[in-house]
Amino acid sequence: MENLKGKKALITGGARGLGKATAIALAKEGVDIAITGRNEEVLKTTTSELESLGIQAIYSVFDVSNYKSTQAGLKQITDSWGEVDILINNAGIASFGTVNEMGVETWTQIINTNLLGMYYVTKEILPFMIKRIKEIFIMYLLRQV
Ligand SMILES: NC(=O)c1ccc[n+]([C@@H]2O[C@H](COP(=O)([O-])OP(=O)(O)OC[C@H]3O[C@@H](n4cnc5c(N)ncnc54)[C@H](OP(=O)(O)O)[C@@H]3O)[C@@H](O)[C@H]2O)c1
């Protein structure tokens with residue numbers, strides 16, 4: 001694998017679940033990590049765990065389904081880092097049911113989070129990736145959009 005030591009990875013929804021597992025795996029490769037989510041307590045705990053692996057870890061609290069909050073939350077990260085090497089669009093929700101069973105509110109929340117949220121984050125972060133790297137690596141971890 002390419003040496004990732006010293007790279008900077010932003011992982012949305014990185015405080016728990018698959019996002020946290022990805023954050024820990026990258027931190028073990030020496031990658032600095034920024035994680036995001038809505039629950040600050042969980043973000044703080046995971047950030048401490050990541051720091052204990054010897055890398056720089058930061059977090060930002062925002063809801064990816066809200067563009068203004070996403071802009072403000074990501075600005076905290078880009079102001080601190082100035083650049084991003086790896087973006088992992090992991091934040092997402094899932095709900096199962098037929099069109100007949102699933103309410104409009106649930107469907108809308110899934111679209112706003114999994115589709116628009118991914119777009120908002122990518123739109124804000126891409127300029128900080130394009131300006132310096134040769135290859136763009138963006139991962140989407142979505143069950144359904
Ligand atoms: N687990 C699976 O089998 C599976 C399969 C295929 C795809 N996926 C997809 O992979 C991703 C991770 O799955 P997972 O099982 O690890 O999910 P999870 O444990 O439920 O974690 C989801 C993460 O996304 C964050 N999140 C959700 N809604 C958000 C919002 N509106 N704004 C900001 N952050 C939000 C959560 O943080 P907060 O709660 O703090 O906001 C949490 O950190 C999801 O997109 C999921 O749909 C999962």
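Trainee: Over how many bridges do β1 and β4 pair?

Mentor: This is a predicted model, in which local features need pLDDT of at least 70, side-chain atom pairs count only at pLDDT 80 or more, and totals for chains, interfaces and linings use all residues. Residues are numbered from 1 along each chain as its sequence is written. Ile11 of β1 stands opposite Ile88 in β4. Two strands pair if DSSP finds at least two bridges between them, and β1 and β4 pair in the parallel sense over three bridges.

Trainee: In what order do the elements of the chain run?

Mentor: Helices (H or I, at least four residues) and strands (E, at least two) are DSSP runs, numbered from the N terminus. The chain has four helices and five strands. From the N terminus on, the order is β-α-β-α-β-α-β-α-β.

Trainee: Which residue in β2 stands opposite Lys8?

Mentor: β1 and β2 pair in the parallel sense over five bridges. Together with α1 they make a right-handed β-α-β unit (with the strands pointing away from the viewer, the path from the first strand over the helix to the second runs clockwise). Opposite Lys8, in β2, stands Asp32.

Trainee: How many residues of β1 are buried?

Mentor: A residue is buried if 20 or more other C-beta atoms, placed from the backbone, lie within 10 Å of its own. In a regular strand the side chains alternate between the two faces of the sheet. Lys8, Leu10 and Thr12 point one way from β1, Ala9 and Ile11 point the other way, and all are buried. β1 is largely enclosed by the rest of the structure because the buried count is five of five residues.

Trainee: Which element gives the most to the largest nonpolar core?

Mentor: A nonpolar core is a set of buried Ala, Val, Leu, Ile, Met, Phe, Trp, Tyr and Cys residues joined through C-beta atoms within 7 Å. The largest one has 31 residues, of which Ala9, Leu10, Ile33, Ile35 and Ile125 touch the most other members. Elements that each supply at least two residues include β1, β2 and β3. With six residues, the element that gives the most is α4.

Trainee: Which element provides the largest share of the shell around the ligand?

Mentor: The ligand is surrounded by 23 residues, each with its C-beta atom, placed from the backbone, within 6 Å. The closest are Gly13, Gly17, Gly37, Arg38 and Gly92. Two or more residues of the shell come from each of α1 (17-27) and α4 (104-130). The largest share, three residues, comes from α1.

Notes. A residue is buried if 20 or more other C-beta atoms lie within 10 Å of its own, exposed if 12 or fewer, and partly exposed in between; C-beta atoms are placed from the backbone.
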